[in-house]
Structure formats: C-alpha cells, structure tokens
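Here are my notes for a first look at this model. Please keep the structure open while you read.

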Amino acid sequence: MATNTNIMLYTEGTPNGLKISIALEELGLSYQFREIALFKNEQKEPWFLEINPNGRIPAITDRDESGHEFRVFESGAILQYLVARYDKDHKISYPYGSKEHWEVTSWLMWQMGGVGPMQGQANHFARFAAEPNHYSLNRYVHETRRLYRVMDAHLAKSPSGYLVGDRVTIADIAIWPWVTAWKYSGLSAIDEFPHIQKWLYKLLERPGFEKGRHVPKPHIYLDFNKLSEEELNEAAKYGVKWIQDAMARDAAA
C-alpha cells in the first residue's frame, strides 16, 4: 500500500519530469500530478511561476509537519528532498554522509551538469533547430557519447549493475530517462555501450520504472528508438515553431 503524502507533482513526459514520477513510484508514495501544457506556455503563467520562478518542469508542492505548503523545484533538488524526507529505509539512497551517499551525489551532479545539458542540446540541434547546424550538432552529440563512455566504463566494474553499491538510487533514476531518448538526441546506436544497454533494460523491469515512466502520459522515447531518422524528424516537427517562438519571447523579455 502506498504511503500517503501531500505531494503534487507538476510535470510533463520529458526526461527531467520522468525522474520524479519514477522516484515517487520506487518509494511507494501516493501523490497527485498535473500535466503542464508546455506548448500552451502554461509553465510561464503567474500561478506556476509562484511554484517555480524559472518556469520549467518538474516542480512539486508538499506540506510540512505543521500543514504549511512549500515548493521544491529543479529535478535534482526534488530527488534529494524525496530521499531526505521519505526514504528512511534507504530504498533508493544510502545513509547521509556515507561513502555511498557521496558517490550517489557525485553521479547525480554528473547528470545535472553533464548528461542533461549536453544531451539536451544534442536533442535541440538534432530535432528542433530552425536550420541545420552541423558543428553544433556534432559538438553536443560527441560530448554526450563521451559521457556515455564514462558511465559505460563505470558500470563495467559494478558487480550489481547499478551505479552505486548494491541498489538502485536516485543517481540511476536521474540518468535513466535521458538514456531512453538516445536516438531522439542524435546518437546512432546504444549497443556501442553494452553495459549501459544492459542497465537500461534491467531498470525497465522494475515496476516503479515501468509505472513512473508513463506519468503524465505514455512514454514515447523507447518506441522512438525503433524509428528511422526521417520518422523522428517528422515526429519532432510539432516543436520547431514553438521553440523558435519561445526563443524570441525570451530574447525580448
């Protein structure tokens, strides 16, 4: 039975949003969620900016022991909050201050500062740029591949197949949704990284990952990996104009 909480998750089916729903499911927490209509710019509406001043998903609200509502935004911060408050049994974490705790934190920051920004830019130039920019695309795809090589070499030495120790942690959870989108982000193959490939599908067998990846709607990226480049570009057409309009609005603000 799920543990009752007052958590409201504001999200969309992007890699950063999926981190949180997967973590919530892995922890067995009850929560509510609201899908944010990104293409209607709901994330820029005043009510949402009160929750996340940066106008991005994901974000959560929760209540403290006195019943006062508060907010947490940025996916890495939310993962750390969920562990600190709700993971007393260390289902997806290690005790604070332990060697494993700091290793998990290191891999989490590696994702936040490396894989997310680099693969996110690879995704942009592969699918959403208004015109081809091969230098930029190659720059970010090659850096994403370098980061994948780092992770693949690390997993090759892991007896458990997880990033840290003997269990899945928020480090695995943070990285997994990005890896599911490898082809959409311009990488040509995942079997170049056999240990990541094994890790990817091992985690998919977990009920928390399977359920969490479909919040707030069915997960698309694993299916996208079966499509041709032409089909992927066609699927991405919906976002090209929206991104160009968003860039213009941000520049004028």
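1. Start with the pairing of β1 and β2. Strand β1 covers residues 8-11 and strand β2 covers residues 32-35. The two run in the parallel sense and share 4 bridges. Bear in mind throughout that this is a predicted model.

2. Met 8 is a good residue to click on. Its bridge partner in β2 is Gln 32. Met 8 also stands opposite Thr 61, which belongs to β3.

3. Now follow the chain from β1 to β2. Helix α1, residues 15-27, joins these strands in a β-α-β unit. The unit is right-handed.

4. Turn to the other partner of β1. Strand β3 spans residues 59-63 and pairs with β1 in the antiparallel sense. There are 3 bridges between them. Tyr 10 stands opposite Ala 59 of β3.

5. Next, the whole sheet. It is open, has 4 strands and reads β2-β1-β3-β4 in order. The pairing is mixed. Which strands stand at the edges? They are β2 and β4 (69-73). Each has a single partner strand, so one side of each has no neighbour in the sheet. From one strand to the next, the twist averages 20°.

6. Look at what lies across the sheet strands β3 and β4. This is helix α3, residues 75-86. Its direction makes an angle of about 130° with β4.

7. Then find the largest pocket. Its space comes to about 1500 Å³. The lining holds 47 residues, and the closest to the pocket centre are Thr 14, Asn 16, Leu 38, Arg 56 and Trp 242. Three elements give two or more residues each to this lining: α1, α4 (99-128) and α10 (229-252). Which element gives the most? Helix α4 does, with 10 residues. Note that α1 has appeared before, as the helix of the β-α-β unit.

8. Finish at Pro 159. Where is this residue placed? It sits in the loop between α5 (134-156) and α6 (170-180). Is Pro 159 buried or exposed? Pro 159 is exposed, because its relative accessible area is 87% and the cut-off for exposed is over 50%.

9. One distance to check on screen. Take the C-alpha atoms of Pro 159 and Lys 40. They are separated by 46 Å. Along the chain, these residues are 119 residues apart.

Notes
Residues numbered from 1 in each chain as written. Predicted model: local features only at pLDDT ≥ 70, side-chain atom pairs only at ≥ 80, totals over all residues. Heavy atoms only, no water. Buried < 20%, exposed > 50% of the residue type's maximum accessible area, 1.4 Å probe, protein only. Pairing = 2+ DSSP bridges. Right-handed = clockwise from strand over helix to strand, strands pointing away. Axes fitted to C-alpha atoms, helices over the stretch in contact; angles between N-to-C directions. Contact = heavy atoms within 4.5 Å. 1 Å grid on protein atoms, 1.4 Å probe; cavity = no way out; pocket = protein on both sides within 12 Å on 5 of 7 lines; lining within 4 Å. Points joined across faces, edges and corners; volume = space filled by probe spheres on them.
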